[in-house]
Amino acid sequence: MRLTLETPILELPRFPEIFLSPTMARKLAAAVGAYAGRAEPLDATVEDLLSYFPSRYEDRSNLLPIDQLYDGLYASVELYVRVSGAFQVGKNRGPKQPPLYIFEITGSDRDRVRKPVVVMWFLSGKAAKHAIEFYSGKFKRGVRFVAHGRWEWDGRRNTFVLKVSKPEELEILPEDEAATELPLETNEADTAEDELGANESVAEFATIHTARHVPVYRKLGPFQTKRLREIIYAVTHLLDRSSVGEFLPDEIVRSNRLINRGDAMCEVHFPPETAAISDYERFRSDAHRRLIYEEFFWLLFALQLVRGERKKEPKGAVIEINETVKKRIAGLLPFKLTEAQRRVVKQIFADMTSDAPMNRLIQGDVGSGKTIVAFIAMFAAAENGYQTALMAPTEILAEQHYRNAILFFEAAGYSVRLLTGSRKAAEKKKARQAIAAGEVQIVIGTHAIIQEGVEFENLGLAVIDEQHRFGVLQRAALKKSGQNPDVLVMTATPIPRSLAMTVYGDLDVSVIDELPPGRTPIKTVVVGEDKRVGVYKGIERELKLGRQAYVVYPLIDESEKLDLKAATAMFEELRDRVFPHRKVGLLHGKMKADEKDAIMRAFVAGEIDVLVSTTVIEVGVDVPNASTMVIEHAERFGLSQLHQLRGRVGRGAEQSYCVLLTGDKKTAVAKERLGIMEETNDGFKIAEKDLELRGEGELFGTRQSGVQMFKIANIVRDFEILEAARGDAEKLLAAKRIKPETADLIKRVRSDVKYRLAGIG
C-alpha cells in the first residue's frame, strides 16, 4: 500500500514504517492543519505535511574521522560509546534551584586507534534522574552513533568536546558486524535500541540524519526537527509519485524547465546525492524553483482572473464629468493640487467614466493629500446623483474625515452623515433611514457601514481608507451594498511595486509620489540609552512652546504582559518624575474601545501634553500641534512601521522631530539598520529597504484572511520567478480563445479554499 497526497495524516499509523501512534498522528494532524489554514485541522493530508518546508539544510554527507577535527568545525563524526554517565554540577545553586547534571559520552572510532572525544549535554529538573537512567541505558558501551555540530577544543581535557542542546540530535545507528569486534573492558556487549522502535535495523531508514544533505525544520507543535525529519523521510519514500497530478499546462512546464510536481515535493525535503547543497541553501534547486513558481502562479493567475472578470461586469453607476462639474470642483478646492494629485485625479475620472467599474488603489505617503483626491471623486459621483461611502478603520479617523467632509461638501449643498458603532441607537436608526431614502449623499463611518441594516438607495462610489486594515472580504461586502459601485482604495502604507502587484493584483494602482509644498521635513535621529536625559530636555523645550509629544513603546505578542508592565512603569515615571507639571496620558491595547477613544480625543483637543502609547498610533489621525515623536526600543520595529509612526508628527508648519531611542548605548548595529530613517523621509524608499530586510511579512496582509499565502516563495528573493509567473498567467488569460487546460486552471482556482477565504475565488 502506498501513500498519495490526499492520504489523511490520521491514517499514517496504518503504515508501520512511519512509527507514528494514533495519538501522535492526531497531534501531527492538528499542528499541520493549523499551519495549512484548514478550517478543520484534523483533516490535514500528506500534501499539507509535505508543504511544511525545511527552513535550511545542513551538509552531513561526509563523516569525518576524529583526527580531522579542529576547533570550531561543524562536522558529523561516527563514534562508538566507550563510557557514558552523568555527574552533578553547581551543588551550591540554592535550596529552591533544581539539581543540574551533565551527561557525558566518551566516544572513539571503531578500532580505538584515535584519541576519544566527548559529547555532552545538560539535564535539570525533577525528571533529571529518570532521564539519566534512560540515556545510560540508551548509550551503553559499544553503541554506534553519529554526532553532528560544532566541535570545540578543550585544552584542560586535551580533547574535542561537542555540546548538544538535546540528546535527540544524536543519531543511533544499527549495530554492524564490526561493532561486535569492538575491544571491551568487560564481557558485556549490549545492543542499542533506536528511539524509532523495533524496526531500527531496516537499512532504508538507517541514516536519515547523517551521511546526506539534511533538512532542518522549525518546531511544529510538539514535533522537533529530528522527529519531523524521520516522519517526512518515511512519507516521501512511501509516496506514490506517479499519483501526484500535474496542474500546470505542459507549455508552462517546458518553457520554464520545471521538474514534475511529485519529484519536487520529495526532493525539496531530501536532496538527491548529486545535488549541490549551495542550490538548496539559496532556494535555487530544481525542486525549489518548481514549488516557488507554482505558488506565485496560482496567486497571480487568480488575481488576473478576478481583475479581468471585474472589467467585464456591468457598470452600476453611469458617471459623466463635464466642464461644469470640473469648475464646481475647482471652486471648492482650498489650495492648488500638486502635479501628482492632478495625475491621479485624471486616472480616477477615466475609470469613473468608463464602461467598467473602477477598482483603483491610491498609494500615497503620509501627508501626500490622498483624502482630497478621494473627496474630488466623491463629489463627482454626487454631482451625478449617486451616494458615496467612505469607510475608515477606526472611529477617530472616521470622525476626522467627517469634520473635513462637512467643510468640503456642505458648502456645495450635499448632506454628510457619520455612522459609527458607538453612536446612540436612535441616532444610528435615523441615519440608516435617511441613507436608505437617499436623503444623505455622503456617508462616512467605520465597518458599521457594511453591517446588516444599512441600505443605500443608489450607492455609486465606495472609498476605503487604509486598505491594509481591511480584508478583501470586507471590501467585497461594501461593494455588494450598492449597484456594483466604483471602488477606490487608499493607503498611507508605502508598498514597493514588486509587492503591490501581488497584494493588489486585482486593483489598478495610482501613486501620489509628491508632497504638497511648504511641508517642513521631519528631523530624525537615532540615539542610545545614554542620551535619554537629553531627549527629555528636548521634549520639555517643545512643550514650553505649547506643543505636544508622543512616546511610543513597543508591544510584541511574545512578552505582552512584560511589555505592558514596562510601558505602564514608563508612563508613571514620565508623569511623576520627568514631567510632573505636565499632563501625561497612557494608551494601550488592553483598554476598552471607548477608553482609547477618550484618550485620543483628549490628545487631539490638547488636553494631554505627552501621550505614552504601547500601540501603533491611530493611522491617519491628524494632530497638527504634536511636534515630537520618541520611539522607545526602535530596533524592535520594522522600518515601514517606524515611518508610519513618524508620520503622526510634522502635520503643522513648525519643525517636528522623531527620536529613535535604542536599547544599545553604542547603537552601532541599530544605526546601520535604522540609518535610512535619518537619511530620508521618502516612505517608498524606506518600504523597499524594509522589504529587503524583512521579506513581505505583514506588508502582504495575510492576516486579513488568516491564510498564509506563501509557504516557500519570497517576493524579494524570488522576484525573477514572480515576474515569469505573472507573465505566463497574463498570457494564458489574454488569449482570444481559452484553451481547455486554461479552463481547467480557472475551475481549480475557483475551488481552492485558500482563494475562497481570501475573497478571490
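Contact here means heavy atoms within 4.5 Å. With that meaning, residues 24 or more positions apart account for 76% of the contacts in the chain with a separation of 6 or more. The structure on display is a predicted model, and the tour below moves through it by selection.

**The whole chain**

Begin with the entire chain in a cartoon representation. There are 24 helices and 21 strands to be found in it. Switch next to a surface representation: the chain exposes about 35,600 Å², of which carbon and sulfur atoms supply 49%. Of the 761 residues, 52% count as buried.

**Helices α10 and α11**

Select residues 339–352, which form helix α10, together with residues 370–383, which form helix α11. The two helices pack with their axes 10 Å apart, at an angle of about 30°. Angles under 35 degrees count as roughly parallel, and α10 is therefore roughly parallel to α11. The crossing of α10 past α11 is right-handed.

Now display the side chains where these helices meet. On the α10 side, select Q341, V344, V345, I348, F349 and M352. Their counterparts in α11 are I372, V373, I376, A377, A380 and A381. By class, this contact of α10 with α11 has eleven nonpolar residues, one polar residue and no charged residues.

**Helix α9 against α11**

Keep α11 in view and add residues 323–332, helix α9. The angle between α9 and α11 is about 135°, and their axes lie 10 Å apart. Because of that angle, α9 is oblique to α11. As it passes α11, helix α9 makes a right-handed crossing.

To see the contact itself, select V325, R328, I329 and L332 of α9 with I376, F379, A380 and E383 of α11. The residues of this contact divide into six nonpolar, no polar and two charged. I376 and A380 deserve a second look: they take part in the contact of α11 with α9, and they are also among the α11 residues that meet α10.

**Helices α12 and α18**

Move to residues 395–409, helix α12, and residues 593–604, helix α18. These helices pack at an angle of about 45°, with their axes 10 Å apart. That angle makes α12 oblique to α18. Which residues in α12 and α18 meet? Select E395, I396 and E399 in α12, then D597, M600 and R601 in α18. The contact comprises two nonpolar, no polar and four charged residues.

**Two loop residues with positive phi**

Select R257, in the loop between α5 (250–255) and α6 (261–267). Its phi is near 55°, a positive value in a residue other than glycine. R257 counts as exposed, at 72% relative accessibility.

Continue to F283, in the loop between α7 (277–281) and α8 (286–312). Phi of F283 is likewise positive, near 55°, in a residue other than glycine. Is F283 buried or exposed? With a relative accessible area of 14%, F283 is buried, because buried means under 20% relative accessible area.

**Residues brought together across the sequence**

Three further selections pair residues from separate parts of the sequence.

Start with L63, located in the loop between β1 (56–59) and β2 (73–89). L63 is partly exposed, with a relative accessible area of 33%. Leaving aside residues up to four places away in sequence, L63 touches S76, V77, E78, V146 and T210. Add H148 to the selection: L63 and H148 are 85 residues apart in sequence, and the C-alpha to C-alpha distance is 9.2 Å.

Next select E529, which is placed in the loop between β16 (523–527) and α16 (532–544). E529 is partly exposed, at a relative accessible area of 31%. Where is H633 in relation to E529? The two residues are 104 residues apart in sequence and 9.4 Å apart in space, C-alpha to C-alpha.

The last stop is D744, in helix α23 (residues 740–751). D744 counts as exposed, at 54% relative accessibility. Select L248 with it: these residues are 496 residues apart along the chain, and their C-alpha atoms are separated by 9.7 Å.

Note on methods
Residues are numbered from 1 along each chain as its sequence is written. This is a predicted model: local features need pLDDT of at least 70, side-chain atom pairs count only at pLDDT 80 or more; totals for chains, interfaces and linings use all residues. Side-chain values use heavy atoms; hydrogens and water are left out. Axes are lines fitted to C-alpha atoms, for helices over the stretch in contact, and angles run from 0 to 180 degrees between N-to-C directions. Helices (H or I, at least four residues) and strands (E, at least two) are DSSP runs, numbered from the N terminus. Angles under 35 degrees count as roughly parallel, over 145 as roughly antiparallel, 65 to 115 as roughly perpendicular and the rest as oblique. A crossing is left-handed if the near helix is turned anticlockwise from the far one by less than a right angle, and right-handed if clockwise. Ala, Val, Leu, Ile, Met, Phe, Trp, Tyr, Cys and Pro count as nonpolar, Asp, Glu, Lys and Arg as charged, and the others, Gly among them, as polar. Buried means under 20% relative accessible area, exposed over 50%, partly exposed in between (1.4 Å probe, protein chains only). Accessible areas come from the Shrake-Rupley method with a 1.4 Å probe; for residues, only the protein chains shown count as cover.
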